[in-house]
Amino acid sequence: MYRWSRYVLAVATGLLMLAPEDAAAQIGEHRSDFSVGVNGGYVLSSVGFTPRVSQDMHGGVTGGISTRYVCEKYYTMICSVLAEVNYASLGWKEKILDISDQPVINTVTGLPEEYSRSIGYVQVPVFAHLAWGREKKGANFFIQAGPQFGVYLSESSSANFAMESINMADRSNPTIEQYSMSVEKKFDYGIAAGMGVEYSIPALGHFLLEGRYYYGLGNIYGNSKRDFFGKSNFGGIYIKATYLFDI
């Protein structure tokens with residue numbers, strides 16, 4: 001793990017930091033600190049459909065197990081690899097408006113039409129985690145980035161209208177094919193990056209608060225020429241708190 005983490009962090013270091021040559025004596029102070037813990041938070045997500053589907057952000061919970069391996073202090077930068085195994089509720093929530101940007105009223109119920117889809121995933125992000133500040137006691141600031149993988153678990157839809165009574169006459173966005181389509185591609189992948197703060201207390205552990213953004217590189221539906229959607233990838237904003245303890 002140590003050798004692999006050095007390769008990952010060497011690339012990140014070159015992109016994120018320039019350091020003076022006269023600090024050479026501080027280069028490469030080896031660390032071998034391993035921590036485990038838990039994390040939890042909230043995620044706001046949407047799906048980038050082509051053709052477009054008008055949306056608000058879908059809100060859902062996320063949480064799971066976190067691990068971190070601190071491998072090196074490079075100049076003033078604390079270098080580590082952080083990995084998680086999480087559950088996350090992603091999806092989309094539609095903004096159903098007419099050409100005047102007013103809610104579309106269903107002709108049967110007399111209510112503004114509403115539709116949302118919730119999709120559960122197991123997600124595994126793996127980050128290069130770079131921090132500046134206190135290492136064992138006190139606060140530091142960190143940034144992190146890396147790949148994220150997800151495996152589909154389940155999905156559910158919520159609508160306050162029957163599919164046969166959709167008010168298509170007033171909708172400014174006529175795309176409704178997604179209503180009858182279940183998730184086709186069960187494996188999701190993309191890139192995540194974020195920043196946050198950490199406060200460490202000896203004998204108690206490490207407390208982290210962060211925000212991160214995820215951009216999906218895969219699609220939930222097929223995107224060949226014979227498929228309806230050319231693109232259907234996730235985007236998400238995560239707000240998370242994490243507790244780690246050293247082992």
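Let me begin with a definition: a residue is called buried when its relative accessible area is under 20%, exposed when that area is over 50%, and partly exposed in between. Tyr74, at 25% relative accessibility, therefore counts as partly exposed. Its partner in what follows, Tyr75, is buried, because its relative accessible area is 10%. Please keep in mind throughout that this is a predicted model.

I turn to the overall architecture. The protein contains 1 helix and 9 strands, and from the N terminus on the order of elements is α-β-β-β-β-β-β-β-β-β. There are 247 residues, and buried ones make up 46% of them. Of the contacts with a separation of 6 or more, 75% are between residues 24 or more positions apart. The accessible surface comes to about 12,600 Å², and carbon and sulfur atoms hold 62% of that surface.

Next, confidence. The average pLDDT of the protein is 90, with 89% of the residues scoring at least 70. Among the elements, strand S8 (residues 205-216) has the highest mean pLDDT, 98, while helix H1 (residues 2-16) has the lowest, 45. Over residues 1-26 the pLDDT is below 50, although this stretch has 33 contacts in the model beyond near neighbours in sequence. Where pLDDT is low, the predicted coordinates should not be read in detail.

I now come to the aromatic residues. A pair of aromatic rings is described by the distance of the centres and the angle of the planes. A search of the whole structure finds 15 aromatic pairs. One of them joins the two residues with which I opened: Tyr74 and Tyr75 are edge-to-face, at 4.8 Å centre to centre and with 85° between the planes. In a second pair, the ring centres of Phe161 and Tyr179 are 6.1 Å apart and the planes are at 55°, so this pair is tilted.

Which parts of the chain does the pair of Phe161 and Tyr179 tie together? Both residues lie in the loop between strand S6 (138-159) and strand S7 (187-201), so the pair ties together parts that are 18 residues apart in sequence. Phe161 is buried, with a relative accessible area of 8%, and Tyr179, at 11%, also counts as buried. Both belong to one aromatic cluster, whose other members are Phe49, Trp92, Tyr115, Tyr221, Phe228 and Phe229. A further ring, that of Tyr152, has the charged end of Lys186 sitting over it, 4.2 Å from the ring centre.

Trp92 appears again in the nonpolar interior. The largest nonpolar core has 27 residues, of which Trp92, Ile119, Tyr121, Ile220 and Phe234 touch the most other members. Two or more residues of this core come from each of strand S1 (29-50), strand S4 (77-94), strand S5 (115-133) and strand S9 (231-246).

Finally, let me consider a single position, Ser116, which is placed in strand S5. Is Ser116 buried or exposed? At 18% relative accessibility, Ser116 counts as buried, because the cut-off is under 20%. Leaving aside neighbours within four places in sequence, Ser116 is in contact with Trp92 and Lys93, and also with Ser156, Ser157 and Ser158. The C-alpha atom of Ser116 is separated by 9.2 Å from that of Gln55, a residue 61 positions away along the chain.

Terms used
Residues are numbered from 1 along each chain as its sequence is written. This is a predicted model: local features need pLDDT of at least 70, side-chain atom pairs count only at pLDDT 80 or more; totals for chains, interfaces and linings use all residues. Side-chain values use heavy atoms; hydrogens and water are left out. Helices (H or I, at least four residues) and strands (E, at least two) are DSSP runs, numbered from the N terminus. Buried means under 20% relative accessible area, exposed over 50%, partly exposed in between (1.4 Å probe, protein chains only). Contact means heavy atoms within 4.5 Å. Accessible areas come from the Shrake-Rupley method with a 1.4 Å probe; for residues, only the protein chains shown count as cover. Rings of Phe, Tyr and Trp (its six-membered ring) pair if their centres lie within 6.5 Å; planes under 30 degrees apart count as stacked, over 60 as edge-to-face and the rest as tilted. A charge sits over a ring if NZ of Lys or CZ of Arg is within 6 Å of the ring centre and within 35 degrees of the ring normal. pLDDT is the predictor's confidence in each residue, from 0 to 100. A nonpolar core is a set of buried Ala, Val, Leu, Ile, Met, Phe, Trp, Tyr and Cys residues joined through side-chain atoms within 4.5 Å.
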